[in-house]
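Thanks for passing this one along. Here are my notes, set out as numbered points so that you can follow them with the structure open beside you.

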Amino acid sequence: MTSSPTVDNHTAFTEVPVIDIGALVTADSDPAARRRVVDEIGAACRDVGFFYVTNHGIAPADSATMFAAAKAFFALPLADKMAIRLGGNTDQFRGFVPLGGEVTAGKTDWHECLDLQPKWGRDAASAATVRAPRDGHPLDDPEQWPTALPEFRTVMMRSWDQLWGLSARIAAGMALSLGLDEHFFAQYEGAELSDLRMVHYPPFSREAHPHAPDGVTIDQTELGFGAHVDYGFLAVLQQDGVGGLEVRNAEGEWIAAPHIPGTFLVNIGLMMQRWTNDRYQATWHRVQIPGTSDRYSIPFFFEPRFDAVVEPLPQCVDADNPPRYEPCEFGPYVVDLFAKAYD
């Protein structure tokens, strides 16, 4: 999370566009249909920074299984969840964060969450392809799984692989929208910093959630998740029908981004903004505290590898638009952000 650019290139959009990406995820698709998808992705990244995707290739039953597993985790006794607390039994920034454990812009965020980076849960062949410093780093896998849910790991590993594949295809569409080879961003991909996160937003009441932190009032929380922009490359979000997510347009208006059945919601982060020299900008977004129903969401953060250096692309720089960013090594940048966030 960080500040926005001086000039907001987005439009005064009033809704988030929906894009059928079937031609992007299907082999041997019609070139004209694929070009239409690429153009729509480019327009959405330029004008909004968010877009829904349909015909993405992940079955509704698989999403339902993932949500069932997430709800089962958050329904566990607090002691079971705290056993894998972020920063508890490990120095790594992965694991469970209890309700009220995160703060945005000085306000307590009203959610609990679980961050998974299951690199070492992969089979030997796929784990060998993960590029990371072998001496580890604070975002490496701490090998934390809830022992009370023996099937949880299997479900999340399958979901991880599905979301990784979908994210890679969306990244290919973004590359094509910039006039690059569709595999351009593949050279920067890194499973070691990507993150599968499950988030639970309970109503604000101790009756609804007995583990609420003591001494926190509604005035101190304000939102389920405070206004922010994502620090990385792109995110693919699954959310339930409770609602509450809002994105900010160029006029400063907050526009609802509700659940649309059969879709995932995609947004770009600050690394894409840096790569494109502000042509594509990360969009501010927030989550309202739900009224009387519990809200669940599952974002997958598709990130560059630890040692990836991100800097403005030549295609996005010219005499009238010189580079606005210095080269940035992604891993140290993220570790610094997390160290400050969880200090």
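What covers the buried residues of helix 2? That is where I would begin, and point 2 takes it up.

1. **The model as a whole.** Please keep in mind that this is a predicted model. The protein has nine helices and 16 strands. Of its 343 residues, 56% count as buried. Among contacts with a separation of 6 or more, 78% are accounted for by residues 24 or more positions apart.

2. **Helix 2 and its cover.** Now to the opening question: the cover over the buried residues of helix 2 includes strand 1 (18-20), helix 1, strand 2 (50-54), helix 6 and strand 12 (264-268). The buried residues themselves are Ala33, Val37, Val38, Ile41, Gly42, Ala44 and Cys45. A reminder on spacing may help when you look at that list: an α-helix has 3.6 residues a turn, so residues three or four places apart point the same way.

3. **The lengths of the two helices.** Helix 2 has 17 residues and spans 24 Å from its first C-alpha to its last, close to the 24 Å expected. Helix 6, with 26 residues, reaches 37 Å between its end C-alpha atoms, close to the 38 Å expected. Each is followed by a glycine with a positive phi: Gly49 just after helix 2, at about 90 degrees, and Gly179 just after helix 6, at about 80 degrees.

4. **How helix 2 meets helix 6.** Helix 2 (residues 31-47) packs against helix 6 (residues 152-177) at an angle of about 85 degrees, and their axes are 8 Å apart. Angles from 65 to 115 degrees count as roughly perpendicular, and the two helices are therefore roughly perpendicular to each other. On the helix 2 side, the residues in contact are Arg34, Arg35, Val38, Ile41, Gly42 and Cys45. They meet Arg169, Gly173, Met174, Leu176 and Ser177 in helix 6. By class, this contact has five nonpolar, three polar and three charged residues.

5. **Met174, from the helix 6 side.** Is Met174 buried or exposed? Met174, which lies in helix 6, is buried, because its relative accessible area is 0%. Leaving aside residues up to four places away in sequence, Met174 touches Ile41, Cys45, Phe51, Phe185, Phe233, Leu234, Val266, Ile268 and Met272. Val37 is worth finding too: the C-alpha atoms of Met174 and Val37 are separated by 9.9 Å, although the two residues are 137 apart along the chain.

6. **Arg34, from the helix 2 side.** Arg34 lies in helix 2 and counts as partly exposed, because its relative accessible area is 22%. Not counting residues up to four places away in sequence, Arg34 touches Ala23, Leu24, Ser29, Arg169, Leu176 and Glu182. For Leu24, the C-alpha to C-alpha distance from Arg34 is 5.7 Å, with their positions ten residues apart in sequence.

7. **Cysteines.** How many disulfides does the count come to? It comes to zero disulfides, taking a disulfide as a pair of cysteine sulfur atoms within 2.5 Å. Two cysteines you may want to look at are Cys45, buried with a relative accessible area of 0%, and Cys328, buried with a relative accessible area of 9%.

8. **Two positive phi values outside glycine.** Asp28 has a phi near 60 degrees, a positive value in a residue other than glycine. Asn277 is not a glycine either, and its phi is positive at about 55 degrees. Asp28 sits in the loop between helix 1 (22-25) and helix 2, while Asn277 is found in the loop between helix 8 (270-275) and strand 13 (285-287). Which side of the cut-offs do they fall on, buried or exposed? Asp28 counts as exposed because its relative accessibility is 83%, whereas Asn277 is buried, with a relative accessible area of 1%.

9. **One more loop.** Ala75 is in the loop between helix 3 (60-74) and helix 4 (78-82). Its relative accessible area is 63%, so Ala75 counts as exposed. Ala75 and His200 are 125 residues apart in sequence, and their C-alpha atoms are 10.0 Å apart in space.

Technical notes:
Residues are numbered from 1 along each chain as its sequence is written. This is a predicted model: local features need pLDDT of at least 70, side-chain atom pairs count only at pLDDT 80 or more; totals for chains, interfaces and linings use all residues. Side-chain values use heavy atoms; hydrogens and water are left out. Buried means under 20% relative accessible area, exposed over 50%, partly exposed in between (1.4 Å probe, protein chains only). Axes are lines fitted to C-alpha atoms, for helices over the stretch in contact, and angles run from 0 to 180 degrees between N-to-C directions. Helices (H or I, at least four residues) and strands (E, at least two) are DSSP runs, numbered from the N terminus. Angles under 35 degrees count as roughly parallel, over 145 as roughly antiparallel, 65 to 115 as roughly perpendicular and the rest as oblique. Contact means heavy atoms within 4.5 Å. Ala, Val, Leu, Ile, Met, Phe, Trp, Tyr, Cys and Pro count as nonpolar, Asp, Glu, Lys and Arg as charged, and the others, Gly among them, as polar. The expected span of a helix is 1.5 Å times one less than its number of residues.
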